Amino acid sequence: MARDLCMERTPTALNATAASDDELVQRFYAHAHADPEALETLLARHADISFRVALRMTGNAADAEEIVQRAFLEVVQGKNRFAQASAFRTWLVGIVVNTARMWAREERRRKQREEIAVQMREQTVVEPQEGHAVLQKAAVDMVRDLPEHYRLPVWMHYFEGLTFREIAGVLEQPEGTIRSQASRGLDALRQQLVTAGYAAPAAVLPGLLAAAPLEAAPQVLVASLKTLVGKGALSAGASATAGTAGTAASSKGSVFLGSLALKGAVGLVAAAAIAGGAMLVGGSDGPKPPDAKVQTVQEPPPQPPAAPVAGPQTPVSGPQAKGWRGDWTGRWPDATPPTVWGRFNKIIDDHRCQSAKPKGAKPENDEALTHGQLLEWLVAGPFDVKDSTKELDEAYINETEVQPNTGEKAGEAEWKAWTGTGVKMATLNNYGHVGVSFTRLFGQVQNKAAYAHTYVYSPAGGAFRLRFSTNQSTRVWCNGQLVSTRITTVQHIPQVVDVTLKPGWNRLLVKSAWGSGKADGEWSAWKFAVYLEQKDKPQYETKNIVWTVPLPSSSIAAPLIMGDRIFVTSDPYFVACFSKSDGKCQWIHSMTSFEMFTEEEKKGIPDCDAKAKPVLAEMAAALDAYQKGSGTKLLEAAEKKVSALVKESDPSRAERLNAWEQSQPGWTNTPCSDGKRLYVWCQTGAAACYEFDGKLVWSRQEIFPGDRHHGYSISPVLIGGKFISMQNEMRAYDAETGKTAWTVKGVTLAWGSLVPVKAAGQDAVLSTEGTLVNVADGKVLWGPAKLGSSIVSTPVTNGGDIFFGHYSGKDISAFKLPSSAGEDVKQVWSASGAKVEVGAGWAGGTSGSPIYYDGLLYQVTMTGVLICRDASTGALVYAQELNCAPQMGYVGTPGMSASLSMAGKYIYATDNTFVTIVFEPGRTFKQVAKNVIQMEGEGQVWSYPVFDGSRMYYRAPRNLYCIGEK
């Protein structure tokens with residue numbers, strides 16, 4: 001291959017103050033009249049990499065020049081749309097790749113390339129030699145002999161420096177596939193070198209390629225850019241297509257290229273005339289312009305409309321979320337949702353609290369109270385309790401007059417500052433809402449009492465409530481007045497105390513006593529939390545909340561978006577379809593035992609039909625009322641009657657659906673779809689397939705063996721024509737008929753969802769605890785992985801590796817999937833989360849699933865600590881306390897259990913109080929935004945957001961939220 005013009009891999013020769021790509025794009029497309037100099041600079045800046053990519057695909061410099069010109073002409077004509085979801089360079093290189101592929105389909109050019117390739121191979125006989133420079137040149141030359149699916153990833157990553165994510169965007173393939181192809185391509189290149197007699201150590205080869213000199217785009221090609229994008233070309237093109245030229249528009253970071261509407265061969269001929277009367281080819285020796293038929297640029301095919309509500313057989317077009325976490329990775333690369341939204345209680349947000357005695361009339365701290373939680377305190381103690389029956393009666397300080405400051409004496413103790421956050425509770429290794437932890441301050445003590453004091457600033461004063469969560473006897477004073485003689489949280493239900501705040505500063509004193517029990521376990525610790533709330537009905541202000549609709553009932557299941565619909569399941573057996581545009585309910589069904597049982601199965605239940613008929617009629621009426629917007633009260637009443645009917649008619653099932661288990665989230669799970677139908681599974685044993693218009697295709701109702709503490713949360717998968725669910729067994733149903741295809745018994749049950757993967761080229765499904773099952777026949781290929789107990793976090797894969805998180809937080813492990821038959825799954829690394837310390841202690845365990853992106857693995861602990869690791873080694877990159885407020889409750893309600901999600905270029909982390917932190921991926925933490933949705937009585941949030949274009953959808957226990965810029 002000829003290498004006339006070479007350059008070292010350095011940035012384009014622009015001065016240090018040169019405008020960025022984003023700035024140039026904005027300049028060119030921000031107004032109806034574009035700035036051609038900006039586009040000229042953009043194209044010139046990326047001409048070299050565009051030329052080299054085309055050269056790698058064709059093996060011929062002249063062909064590469066023409067391909068680049070065609071691609072650039074498409075940009076000038078507005079044939080493609082750039083929405084800034086990726087970098088301009090990535091987008092441009094993608095156009096070059098697609099143009100080259102179209103070129104390859106032309107028979108004449110293909111024959112020319114084959115002839116040239118034969119000639120080049122005959123002329124490029126290199127004798128085996130040693131030496132760094134010679135090895136480098138041989139390696140560069142041999143890249144052209146790699147198959148294209150290896151050649152492009154190797155060239156783009158190791159030579160051009162593109163990330164695997166960028167290459168995945170260019171080639172429109174999964175990032176894991178690109179990583180695998182690049183790795184295998186590098187292995188194939190090394191083998192070629194060894195065969196040719198070169199010593200090519202694997203560790204040296206990547207650096208050798210990265211330092212190789214590269215070809216620059218021919219000067220004649222670069223020089224032609226000015227003519228191509230000149231003002232004359234644009235104005236002439238616009239006048240030639242008057243009335244049809246699109247107008248470029250910019251809207252808050254999203255830029256759309258207006259179409260110049262030069263159609264087919266006529267458009268190209270017109271563009272050639274505008275550019276100087278001839279096609280812009282690289283010099284007189286380049287190929288002559290092909291005929292009009294070859295030159296015709298195909299218009300993008302029209303996209304079929306989204307499936308109508310009434311069209312059960314209409315498939316959904318375009319990239320769609322398929323199931324759990326979208327496509328089971330948690331990434332939506334094309335989404336462009338807002339980073340700022342919220343619902344705010346303005347009155348509570350204007351209040352402040354601080355531990356230090358106020359120095360003036362206004363607070364020194366301008367940090368708003370997250371959900372009204374009071375976190376800044378002075379703490380004094382511990383004091384010996386002389387009489388455990390009167391532990392709150394003895395005064396150790398002047399309880400009505402005290403106005404403490406840091407360092408002042410409190411009897412025999414001293415007032416010490418304490419800042420309570422949702423994260424600090426991780427240092428306790430225990431559950432419970434934490435504002436102040438006496439256990440953390442004083443250790444494992446018994447028969448002790450202590451005080452906590454804070455100053456609360458209220459702009460206007462008024463009637464408020466204090467919502468307490470504590471596991472020990474507590475007494476409260478407000479401005480020296482005793483407002484509660486004893487508070488003890490019963491069964492994790494917070495207690496409410498009415499208070500009257502005066503305008504300005506207020507004093508809040510809390511006294512707590514610990515008896516003879518131990519406070520060293522996960523189930524008990526000496527602690528409390530307190531939240532300030534309005535006594536009257538609160539008034540909220542909203543930002544970027546498009547619509548909100550009430551849901552039938554609570555669940556941890558996430559929404560599923562298909563076309564213009566959103567499908568949501570709710571505990572214990574509801575499935576509903578909503579309109580994506582306005583949230584209106586299109587249909588809702590219940591999946592009760594009586595509706596799911598076959599006629600044969602009903603015969604085994606005495607008087608089944610007679611008993612069920614009136615109850616199901618009431619349920620049908622309640623569903624109809626809900627669809628018409630009457631709320632959920634009728635559904636709740638009907639559900640109680642159905643539960644009673646189950647208990648009477650099916651005792652074995654009723655035993656499984658006992659009251660305690662129903663209090664745990666996870667009876668229904670995230671549904672999945674193949675783009676044509678909806679598949680639903682709920683852990684009562686019901687499985688069903690629906691058309692998108694709500695018509696039932698098939699249903700099954702089965703009782704799985706065994707029971708599971710803390711409920712069920714395993715979402716199903718749809719892969720290889722099988723709909724696969726799991727409780728204490730893994731079971732596959734034929735997706736078309738619902739008939740059982742196979743059952744795998746003895747699979748260790750965890751709480752995380754199933755994941756579809758490729759193993760040795762075969763469809764397989766992976767369980768949370770590491771059992772890999774062949775989809776075709778149900779054969780166990782590997783596992784379980786022996787990861788330990790309490791596996792909650794669903795594993796995530798990048799296409800070649802599997803990453804398992806652990807609920808206990810002690811470990812996170814990486815395994816490699818087999819790439820060919822006969823290989824086994826192999827552990828790559830295991831890292832100890834117990835060694836990650838943030839602030840004063842351990843970061844805590846994980847419940848939500850991690851995100852893999854660009855070689856890094858992100859996971860967030862239940863207490864709000866973000867941990868970033870190198871995905872190839874498991875080495876800790878950083879650990880960061882997120883500025884959120886997770887409420888650690890009973891074991892079924894960990895503080896941050898929602899899995900991480902990534903939309904576009906940002907990652908979203910949501911805690912159970914509906915606080916979402918938006919941050920940038922990378923080796924250092926950079927917060928983009930903090931968003932809070934306040935709504936009294938909403939309950940704790942377990943579900944991750946899903947994304948669709950410029951909108952995102954959150955499922956809270958009581959409501960479904962649509963968020964988008966307004």
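This is a chat about some sheets, a helix and a few unusual backbone spots in a predicted model.

Colleague: Hi! Let's begin with strands 22 to 25. In what order do the strands of that open sheet come?

Modeller: Hello! The order is 22-23-24-25, four strands in an open sheet with antiparallel pairing.

Colleague: Which strands stand at the edges there?

Modeller: Strand 22 (560-562) and strand 25 (585-590) do. Each has a single partner strand, so one side of each is left without a neighbour in the sheet. On average, neighbouring strands of this sheet are turned by 20° against each other, direction ignored.

Colleague: And how many bridges link strand 22 and strand 23?

Modeller: Three bridges, in the antiparallel sense, with strand 23 covering residues 565-570. To find one of them in the viewer, look for Ile 561, whose bridge partner in strand 23 is Ile 566.

Colleague: What comes in the loop between strand 23 and strand 24?

Modeller: Pro 572 is in that loop. The peptide bond joining Asp 571 and Pro 572 is cis, with omega about -5°.

Colleague: Where else can I find a cis bond, say at Pro 382?

Modeller: Go to the step from Gly 381 to Pro 382, where the peptide bond is cis and omega is near 0°. Pro 382 lies in strand 8, which covers residues 376-384. As background, most peptide bonds are trans, and most residues other than glycine have a negative phi.

Colleague: Speaking of phi, what is it for Arg 325?

Modeller: Near 55°, a positive value in a residue that is not glycine. Arg 325 belongs to helix 16 (residues 325-328).

Colleague: Is Arg 325 buried or exposed?

Modeller: Arg 325 counts as buried, because its relative accessibility is 0% and buried means under 20%.

Colleague: What about Asp 854, where is that?

Modeller: Asp 854 is in the loop between strand 44 (851-853) and strand 45 (856-860). Its phi is positive too, about 50°, although Asp 854 is not a glycine. At 32% relative accessibility, Asp 854 counts as partly exposed.

Colleague: Now helices. What does helix 21 lie across?

Modeller: Helix 21 (residues 608-627) lies across strand 24 (574-579) and strand 25, and runs at about 160° to strand 25.

Colleague: Where is the kink in helix 21?

Modeller: The kink is centred on Pro 614 and is about 30°.

Colleague: What span should its 20 residues have?

Modeller: At 1.5 Å a residue they should span 28 Å, and the end C-alpha atoms of helix 21 are 27 Å apart, which agrees.

Colleague: Which residues of helix 21 are buried?

Modeller: Among them are Ala 612, Val 615, Met 619, Ala 622 and Tyr 626. A useful bit of background is that an α-helix has 3.6 residues a turn, so residues three or four places apart point the same way. Just after helix 21 comes Gly 629, with a positive phi of about 95°.

Colleague: Last topic: what is the strand order in the sheet with strands 26 to 29?

Modeller: That open sheet has four strands in the order 26-27-28-29, and the pairing is antiparallel. Strand 26 (672-673) and strand 29 are at the edges with a single partner strand each, so one side of each has no neighbour in the sheet.

Colleague: How do strand 28 and strand 29 pair?

Modeller: Strand 28 (residues 686-691) pairs with strand 29 (residues 696-701) in the antiparallel sense over five bridges. In strand 29, Trp 698 is the bridge partner of Cys 689, and Leu 696 is the bridge partner of Tyr 690. The two strands form a hairpin with four residues between them, and Gly 694 in the turn has a positive phi of about 95°.

How values were computed: Residues numbered from 1 in each chain as written. Predicted model: local features only at pLDDT ≥ 70, side-chain atom pairs only at ≥ 80, totals over all residues. Heavy atoms only, no water. Pairing = 2+ DSSP bridges. Axes fitted to C-alpha atoms, helices over the stretch in contact; angles between N-to-C directions. Contact = heavy atoms within 4.5 Å. Expected span 1.5 Å × (residues − 1). Bend = angle between axes of the 7 residues up to and from the residue. Buried < 20%, exposed > 50% of the residue type's maximum accessible area, 1.4 Å probe, protein only.
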